[in-house]
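Here are my notes on the model you sent over, point by point. Have it open while you read, since I jump around the chain a bit.

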Amino acid sequence: MSYSGSRDRTLLPALQKAIERQPRRWYRPPRFRVFLDNSSISIGPKLWEKIESGLRRSRWLVVIASPEAAASKWVDREIAWWIEHRSIETLLLVVSAGELVWNDADHAWDQERSTALPPRLLGHFDAEPVWKSIVWLHSGEGAVSDPDLTAAAVSITSVVRGMPEDDLRSEGLRETRRNLRWAQSAGAVLVFLLVLAIVVAQIAFVQKNHADEQARIASARLMASIADSSMTSDVRVASLLAVAAYRMDPSPRHMSTLLQANAAGRTLVRQVPAEADVVAVETSQDGRTAVAGLANGAIVKWSVTELKTSVVGRLSGAVTAIAVNADASTILAVGGPQVALWRSGSEQVLIDGPADQTPDLVAIAPSGSVAAVHRAPRRGFQQVAGSIQLIDIASGRVTDTRSEDWHPQSVVFLGEDKLALLNGAGTTRLIDIGDWSVTDPSSPLGPCPKTSSIGDPAPNGMFFACTFLKGEAVPVFGLGHGIEPDSRTVDVPQASQVLPAVLSRNSQSAAVLGQDGSIYVAPVAMREQKRSEPVRMTGARVESNRVIRFLGTSERRLVSAYRKHLSVWDVDQIDRLATVTPVPLLAGCNACEPEIFLSPNARTAVVSGAYDGASTFEYAVMFQDLRTTGARARIVPNVEGTPSWSDDGGVVIAAQRVLPGGRPRGKLRLDATTEITVVSPTDDLWTTRTVAYSSSWKAGVTVDGHGDITLFDPATGQVRERIARPSEVGLPTDFPLQVDIRPDGELIAFRDGENVVVFDVRARRVSGTIPGREVLGLWFGGPNLLLQRGSVIEVWRGGGSTPMRTFADNNPAGRARQLASDTSGSVIARRDMAGYITVVDSGGVVLGTFPPIRTEWYAKASIALSDDGRYLTTAVAGLEGGPSGVIVERDISPKGLIKTACARAGDDLTPDEWNELVGIVRPPGARCP
């Protein structure tokens, strides 16, 4: 294409593309290649040579005629070359601007009127040629014009191909249709391939998800397995891995592991981490604080009710000895060659001593006014005596020093003015710090073998223990005061001859390490005295008696350490989930048990039974607010009954029996904010057995021991309707009629010895009859009916028409005495004849078992589950003049169990601990909050 001017320079690339895009098979290349200097010539010298090269390769020359082309020497030169080397028949004219006019008279171009004619074309045409003009299309007034390049492209192509324009357009239509069919076919193939790819991707996605799911479950099972095996030795590890397993796979299996991990280590209260291994521990006399020395020289202080420790100071070496005053406001410690004193609000004070002596023992007097430091001769200076320094706590200065050639292993104050030194042979030296007078007993105080180990004296300085023969009871001996050896023992077999027992502050209890790292706590008593059984504490392994100390004057609470973790123990703790509230609940008759019920929001427990202060067999209903500090029980006297709650939060109590003093009925004021309605039995001969509230007809429903049904107004207690016992229910002759009402008041289940009959209160008809000769008990578990038959629990639809499933109830402790359920029936709690409480899910999977809170004969108990299944609550009766009654509440929801496990563990597993225990990459969610 030969042209000139900026307009055509912009126009012709589009015309070039239009020619090259003329219809063809989609898989064939363009029919023509168009040489255009604007797109076909690369930059560089010798422009004409490049244009000439393009002309040589071309078979047709298209001259774009325009006034600019008519005045261009380059267009003229290109035409001249073409005329010289090609035929004028292969030159085509396309007018982009101006005019071409042919003079028929002269058979030549009209030069005056042909404004677009390049001069070189004059004289070369014998007849008027056919040329094409580019038509400019106007889309509207003031709009920009667009050239019709398609028409020009078709005209040029038809000449080059030697075929009419109509045939060319028809061929284009055919090719377009053919290409469209190809495109449609290709599109269909692509759609098929796309669908196939999507299906394959979906299969791969599902398979990947399945593989990921299986890997996730396998990882969770590995964590749960390690947690199961760690519950007796390391509750912290078990709890943290149980949390990780449940978060990876919240299945009943891992819910069970989580619940059991929280229930394991019953006496372990909580743990806290330290920055290094704990090597020494002491506790304050007030029982509130533990002070620990670490292997890196740090001294940390821990208020045992808190969840973290605080660093008091640092020494140059591992801590070897610690002493504290009554409230741990003063601490004296040895670490490496240093002795340091810390007082609350004061800076650290270093206690200097002779260079040839090494500090090894410290003690603080009970008043906290004076302290003592024992320094032993350094290695290589054995001929040099050690010394004892007295330190004034207030000033932090050494007030006196005494040379000491005796080599004690323990130093303790006896009162304010005497020091007792105990050596490895079990003999003592008593030193009066006023005049430094010394008393040496003439013989050992006890028959400790020469190969035995001597333990530290009790903090009061009265007794010490030594190891005896392995497997024998632990002996305890008096320390100082010139008393004769006695025959006190701790009834725990000696597990080691190198780890003596640790004595409580008053020497009434001892802690003995077992071979497996557990701690046995037992009383210290004369051999002939009767004593309670030792308590074995498991859940945090202990390896040294240097890191076991009783808390304050307590005989039941201890602190211990293992590696970097401190633990506090409570022998009397029920378990780590239990929150205990004392209530004035007493045991009634031998066969009488209290009954406990929870309000819909689980914030209030209502207990029916005997109460403290009442005469024998006088009963009351007690209201106890839960999770409220200092809340006292509110008592409704002379009523024994079952509560129910209406939609507006009102409380109705159906009295179970006629009580002395008449039958209370109607409104009773419980306190300034609470009013209750009491409904009495309708017949003196038959006590009320159970009650429920029906929101459908806004009425209370009771059933008495005769099987008669009463509907009453919950606001006033007035009877609305009495319904006689269904004729299908017979009165048993050998045991009381068993009956229960579904919580919504719609269904009542009777067991008469032959059958279990379910009565629909709304329809006033029997909805189902179940053979009941072998049924031992019946309860409504949410919407479903639960029957205990032999060693299984049967689950029936509430109407008693369809059995749903069964699950094993072969607890060796005895058959179920009581079942409790949440409103959905997804969580069931079972209390057996021996007092064990087992929690199962709706499929019968055992989630966990809790032992009896008390094992005494009078410890009657009752259980209840909150409507949402979160709280398991137990009421246990006390004994007049003995232990008080209690309400024990446990949060057994997954959220509550995770919170308890994480809080009591103190910290999460470190990366090193995780790798050592589990050995796989830790998933992001497998950790505590």
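1. Let's start with a lysine. K698 has a relative accessibility of 43%, so it counts as partly exposed; the band for that label runs between 20% and 50%. Bear in mind as you go through this that we are looking at a predicted model. K698 sits in the loop between strand 45 (688-694) and strand 46 (699-704). Its backbone is worth a look too: phi is positive, about 50°, although K698 is not a glycine.

2. A328 makes a nice companion to that lysine. This alanine is likewise not a glycine, yet has a positive phi of about 65°. You'll find A328 in the loop between strand 13 (319-324) and strand 14 (330-335). Is A328 buried or exposed? A328 comes out at 0% relative accessibility, so it counts as buried, the cut-off for that being under 20%.

3. Next, the hairpins around strand 11. Strand 10 (residues 289-294) runs antiparallel to strand 11 (residues 298-303), and five bridges join the two. If you want a landmark in that ladder, A292 stands opposite V300 of strand 11. Three residues lie between the strands of this hairpin, and G297 has a positive phi near 95° there.

4. Strand 11 also has strand 12 (residues 310-314) as an antiparallel partner, through four bridges. Here V300 turns up again, with V311 of strand 12 as its bridge partner. So which residues flank V300? A292 stands opposite it in the pairing with strand 10, and V311 is its partner in strand 12. The hairpin of strand 11 and strand 12 has six residues between the strands.

5. How many residues of strand 39 (residues 619-625) are buried? Six of the seven are, so this strand is mostly covered. Strand 38 (residues 604-611) pairs with strand 39 in the antiparallel sense, over seven bridges, and G609 has A620 as its bridge partner in strand 39. Strand 39 is also joined to strand 40 (residues 634-637), again antiparallel, by four bridges. In that pairing V621 stands opposite V636 of strand 40.

6. Further along there is an open sheet of four strands, in the order 35-63-62-61, with antiparallel pairing. Strand 35 (578-583) and strand 61 (861-865) are at the edges with a single partner strand each, so each has one side without a neighbour in the sheet. On average, neighbouring strands here are turned by 20° against each other, ignoring direction. The pairing of strand 61 with strand 62 (residues 871-876) is antiparallel and covers five bridges; within it, S862 has A875 of strand 62 as its bridge partner.

7. Now for the helices. Helix 1 (residues 6-20) packs against helix 6 (residues 149-161) at about 55°, with the axes 9 Å apart. That angle makes helix 1 oblique to helix 6, and the crossing is right-handed. Helix 1 brings L11, A14, L15, A18 and I19 to the contact, while helix 6 brings L149, A152, A153, I156 and T157. Sorted by class, that contact has nine nonpolar residues, one polar and no charged ones.

8. Compare that with helix 8 (residues 235-248) and helix 10 (residues 894-905), whose axes come within 9 Å and cross at roughly 145°. This crossing is left-handed. On the helix 8 side the residues are R236, S239, L240, V243, Y246 and R247, and they meet P894, I898, A901, C902 and A905 of helix 10. By class, the contact of helix 8 with helix 10 has eight nonpolar residues, one polar and two charged.

9. Last, a histidine. H254 belongs to helix 9 (residues 252-263). With a relative accessible area of 0%, H254 is buried. What does H254 touch, leaving aside residues up to four places away in sequence? The list is A220, R221, A224, A245, Y246 and D249. Y246 will ring a bell, being one of the helix 8 residues that meet helix 10.

Technical notes
Residues numbered from 1 in each chain as written. Predicted model: local features only at pLDDT ≥ 70, side-chain atom pairs only at ≥ 80, totals over all residues. Heavy atoms only, no water. Axes fitted to C-alpha atoms, helices over the stretch in contact; angles between N-to-C directions. Parallel < 35°, antiparallel > 145°, perpendicular 65-115°, else oblique. Left-handed = near helix turned anticlockwise from the far one by under 90°. Contact = heavy atoms within 4.5 Å. Nonpolar A, V, L, I, M, F, W, Y, C, P; charged D, E, K, R; others polar. Pairing = 2+ DSSP bridges. Buried < 20%, exposed > 50% of the residue type's maximum accessible area, 1.4 Å probe, protein only.
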